[in-house]
Amino acid sequence: MSGHPAAAAGFLIDAERAAWHDQSLWFMRQKRDAGSAIPEWESLRLAGQALKTHAMSRLADLLEEFERRATANGVQVHWARDAQAHNEIVLGILRSAGVTRVSKSKSMLTEECGLNPFLEAQGIEVVDTDLGERIVQLAKEPPSHIVIPAIHWKREEIGELFHRTMGTPAGETSPDALAAAARVHLRDALLNAGAGITGANALVAETGGVVVCTNEGNADLGMHSPPIHIACAGIEKMIATRDDLGVLLRLLARSGTGQPVTAYTTHVTTPRAGSAMHVVLVDNGRTKRLADATMRSALHCIRCGACLNTCPVYRRSGGYSYGHVIQGPIGAILAPAVDLDRHHTLPFASTLCGSCGDVCPVRIDIPAQLLAWRARSAAAGRLPRGYASIFPLLGRVLSKLDRYEFAARMARRFQKVIPASWLSGRWNPWTRPGRALPVIADESFREWARRAGRGS
Amino acid sequence: MSDRDIILAAIRAARVPAAPPASAAFATSAAPAPLASPSPAFTTRTDDEALHGAFLRVLAEVGGRGVICQATQSLDELLAAELGVDKESAVIVRGRFAVVENGAVYVDAADIGARNSIVLAEHLVVVVPYAAIVPTMHEAVRLMPVDSKCGWFLSGPSKTADIEQSLVFGAQGSRTHRVIFEMG
C-alpha cells in the first residue's frame with residue numbers, strides 16, 4: 001500500500017479517534033442540511049453553477065474589468081503565473097515597506113503556494129489568525145480541513161498546546177477559556193503586524209471589490225489595522241456582478257457550516273486613507289485546467305467544505321490522508337492535475353456514492369471527474385497496485401451474463417470450502433484489516449426469481 | 001511577456017464556450033425563478049409574519065439581539081436601557097438596511113470612523129431605519145452603494161467553533177451584537 005490507502009490505514013489504527021472524527025464531520029453535514037432547507041435551494045444551486053460557468057467563459061474580460069476598476073480605486077493589482085511568482089510579489093511588497101511581521105487570515109491559496117515557509121525563510125514572522133489555523137500553525141501542521149483546519153484536534157490537546165505556547169493554565173479544556181486566551185494572543189498579532197494578508201472568497205468585476213467572509217472577524221482586523229493589506233486570490237475567484245455575489249453568499253455559509261451567512265462579510269474596493277491595498281491574482285495551474293473541458297468545472301469550487309463533510313471516505317480517513325492542500329472529494333479531483341504521479345491514488349479514495357456532487361452548492365459533478373481521473377490514471381499506467389491486473393479480468397467477467405453467473409456460482413461454492421484466512425490474505429486488495437469479504441448469498445436474485453416463477 | 005499577458009493569453013487560448021449570465025440562465029431553466037425581486041419563495045415562507053418579526057428571529061438564531069425603538073421612546077433612553085454599564089465599551093454605528101433571511105445588517109465605511117472599529121468593539125450596536133429591510137441577499141446586494149469604498153454585512157457577534165465545534169461568541173471581534181430599528 002502507498003498513497004491514500006496507506007495514510008488512511010494509519011489514521012484508522014486509533015479506531016475510537018477515527019469514529020470521533022467521523023461523527024464530528026457528520027455533525028457538520030447535518031448542520032448543512034438544516035441550513036440549506038430553504039424552498040429555493042435547488043434553484044440557487046442552479047444559479048450558482050450558472051454564474052460560475054459564465055464567469056469562466058469570460059474570465060479574461062472579467063479580470064481586466066476588475067483590474068481597471070480596482071486600479072482606478074487606488075488598489076495595486078499584481079499577476080502571478082505560479083506559486084513562486086506569487087511568493088516573490090508578496091515578499092517584494094513586504095520588503096519595500098520594511099515589514100518583518102505579518103498577520104494572515106485564512107487563505108487556501110497561500111497554503112497552496114507555500115507562502116508561510118517562504119516568508120519565514122526570509123526572516124518574516126507570519127501569524128495565522130483564524131483560530132483553527134493558529135492551532136495547527138502552533139503545532140507545525142498543515143490544516144486538515146479547508147474550513148475547519150483543526151477539526152482533528154481534541155480540546156484537551158488544544159489546552160495542552162496553549163499551555164505550552166500561550167501560558168494558559170495547565171489542564172484548561174474549556175472552549176470559552178481557550179478561545180478567550182486566543183483572542184488576546186491573536187488581537188496582539190493582528191494589531192501589531194506591519195501588513196495583513198487575506199484570501200478572497202470572491203472578486204467582483206462589476207464593483208472591483210474583494211469579498212472576504214469570516215466568522216471570527218480576524219480578516220477585518222487584519223486588513224483594516226496595519227498600513228498594508230494584501231489580498232491573495234486565485235483567478236477563478238472572479239465573478240461578474242453584484243447579483244452573482246448575492247447568490248454566492250446565500251450558498252456559501254449554508255453549505256459550509258449551515259449558517260445563513262458568515263458573521264462578517266466584507267466587500268472592499270478602496271484602501272482606507274493613508275494605507276495601501278494590493279491584490280495578487282494567481283494562476284498556478286488554473287489556466288491549464290481551464291483548457292481541460294472535462295475537468296474545467298472544478299474551478300467553480302467556492303471552498304465551502306460541504307463535499308468533505310459528507311464524504312464517507314474523508315470522514316473515515318482524515319484530511320492528512322490526501323497529502324494535498326485541498327482535501328476530500330474536491331481535493332481528489334484537484335490534486336491529480338497538479339501531479340498525477342504523486343496523487344494517482346486520490347481518485348480511488350471514493351465510493352462514487354455521489355453525495356459530494358449532491359451537496360456541492362455550484363453543482364460540480366465531482367463523481368464524474370473522479371471517474372475521469374481514474375481513466376487518466378489507467379491510461380498513464382498509474383493504477384494503484386493490484387488494480388491493473390484485476391480490472392481487465394473483472395471487465396471480461398462482468399460484461400457477459402453467462403460468465404458472470406458462472407463466476408458467481410463458483411464463488412458461492414468455493415467460499416464455503418476455502419478458509420476465510422486465505423481469502424483475506426495479503427494478495428487480495430479488497431480485504432484489508434477492517435474490511436472483510438461478505439458472505440455470498442446461497443441463491444442469486446435471478447435464481448430466486450426463476451424459482452418463484454416471476455421471469456426468466 | 002509579463003505574467004499578466006501570459007495568464008490572459010492562456011485564458012483566451014483555452015477557448016471556453018460562451019455561457020449566459022446567471023440571471024439569463026434562470027429565465028430559461030425549468031426551476032422556479034427565485035431571483036425575481038422580492039424573492040417569491042422566501043416571502044411565501046414569511047407571509048404569516050412581518051419582515052421585522054422574521055428578522056428578529058433569525059438575528060437571535062445567529063447570536064444577536066434586535067430591538068424596535070418605539071416612536072414614544074428616544075434612542076438614547078433605549079440604548080441606556082439596553083446596554084447598561086456596557087455603554088462605555090459599546091460602539092454605536094448607523095446601518096443602511098437589514099436582511100431578513102440571514103439577520104444581517106449592511107454597514108458602510110462612509111458612515112463610521114475607523115474601519116476596524118466595528119470589529120474592535122466589545123459591544124456593537126447598529127441602528128437601522130425601520131423601513132430599510134429586504135427579504136434576501138438578492139435585493140440586498142443591489143442596495144450596496146455603488147461608490148462604496150468598503151462595506152459589511154454583519155450577522156451576529158464574532159464567533160468561532162474551531163475548538164471541537166463548541167460555539168464561542170467574541171472570538172476576535174464583538175462579543176455582543178445588537179440591531180436597533182429606528183422609527184421615522
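In this predicted model, A:Ala233 sits across from A:Leu281, a residue of β10(A). That pair is one spot along a longer match: β7(A) and β10(A), the latter covering residues 276–282, run parallel and share seven bridges. Elsewhere along these two strands, A:Ile230 has A:His278 of β10(A) as its bridge partner.

Now look at the other neighbour of β7(A). Strand β4 (residues 195–198) of chain A also pairs with β7(A) in the parallel sense, here over three bridges. One place to find this pairing is A:Gly196, which stands opposite A:His229 in β7(A).

So how many of the residues of β7(A) are buried? Seven of the seven in this strand (residues 228–234) are, so β7(A) is largely enclosed by the rest of the structure. You can follow this on both faces: A:Ile228, A:Ile230, A:Cys232 and A:Gly234 point one way, A:His229, A:Ala231 and A:Ala233 point the other way, and all are buried.

Zoom out and you'll see the whole sheet of chain A. It's an open sheet of six strands with parallel pairing, in the order β1-β10-β7-β4-β2-β3. The edges belong to β1 (76–80) and β3 (125–128) of chain A; each has a single partner strand, so one side of each is left without a neighbour in the sheet. From strand to neighbouring strand, the turn averages 20°, direction ignored.

Two helices lie across parts of this sheet. Helix α8 (residues 131–138) of chain A lies across β2 (101–104) and β3 of chain A, at about 130° to β3(A). The other comes from chain B: its helix α1 (residues 3–13) lies across β1 and β10 of chain A and runs at about 65° to β1(A).

Chain B has an open sheet too, this one built from four strands in the order β1-β10-β5-β2, with parallel pairing. Its edge strands are β1 (65–69) and β2 (90–94) of chain B, each pairing on one side only. The twist from one strand to the next averages 20°. Helix α5 (residues 75–83) of chain B packs on this sheet and touches β1, β2, β5 and β10 (176–182) of chain B, its direction making about 155° with that of β10(B).

Walk through the chain B pairings one at a time. β1(B) and β10(B) run parallel over five bridges, with B:Arg65 standing opposite B:Arg178 in β10(B). On to β5(B), which is joined to β10(B) by seven bridges, again parallel; here B:Val125 has B:Arg178 as its bridge partner in β10(B). Then β2(B) pairs with β5(B) (residues 123–129) in the parallel sense over five bridges, and B:Val93 faces B:Val126 of β5(B). As for β10(B), this strand is mostly covered, with five of its seven residues buried.

Back in chain A, try the helices. α19(A) covers residues 366–379. At 1.5 Å a residue, its 14 residues should span 20 Å, and the end C-alpha atoms are 20 Å apart, which agrees. Its buried residues include A:Ile366, A:Leu370, A:Trp373, A:Arg374 and A:Ser377. What do the buried residues of α19(A) pack against? Their partners are α14 (306–310), α16 (328–338), α17 (340–343) and α18 (355–359) of chain A.

Further along, α20 (residues 387–398) and α21 (residues 401–417) of chain A have axes that come within 6 Å and cross at roughly 110°. That crossing makes α20(A) roughly perpendicular to α21(A). At the contact, A:Arg396, A:Val397 and A:Leu398 of α20(A) meet A:Arg403, A:Tyr404 and A:Ala407 of α21(A). Sorted by class, that contact has four nonpolar, no polar and two charged residues.

Finally, two loop residues of chain A are worth a click. A:Arg303 has a positive phi of about 60° although it is not a glycine. This residue is in the loop between α13 (286–290) and α14 of chain A. Is A:Arg303 buried or exposed? At 18% relative accessibility, A:Arg303 counts as buried, because the cut-off is under 20%. A:Leu352, in the loop between α17 and α18 of chain A, also isn't a glycine, yet has a positive phi of about 55°. With a relative accessible area of 31%, A:Leu352 is partly exposed.

Terms used. Residues are numbered from 1 along each chain as its sequence is written. Chains are lettered from A and ligands numbered from 1 in the order in which they are written. This is a predicted model: local features need pLDDT of at least 70, side-chain atom pairs count only at pLDDT 80 or more; totals for chains, interfaces and linings use all residues. Side-chain values use heavy atoms; hydrogens and water are left out. Two strands pair if DSSP finds at least two bridges between them. Axes are lines fitted to C-alpha atoms, for helices over the stretch in contact, and angles run from 0 to 180 degrees between N-to-C directions. Contact means heavy atoms within 4.5 Å. Angles under 35 degrees count as roughly parallel, over 145 as roughly antiparallel, 65 to 115 as roughly perpendicular and the rest as oblique. Ala, Val, Leu, Ile, Met, Phe, Trp, Tyr, Cys and Pro count as nonpolar, Asp, Glu, Lys and Arg as charged, and the others, Gly among them, as polar. The expected span of a helix is 1.5 Å times one less than its number of residues. Buried means under 20% relative accessible area, exposed over 50%, partly exposed in between (1.4 Å probe, protein chains only).
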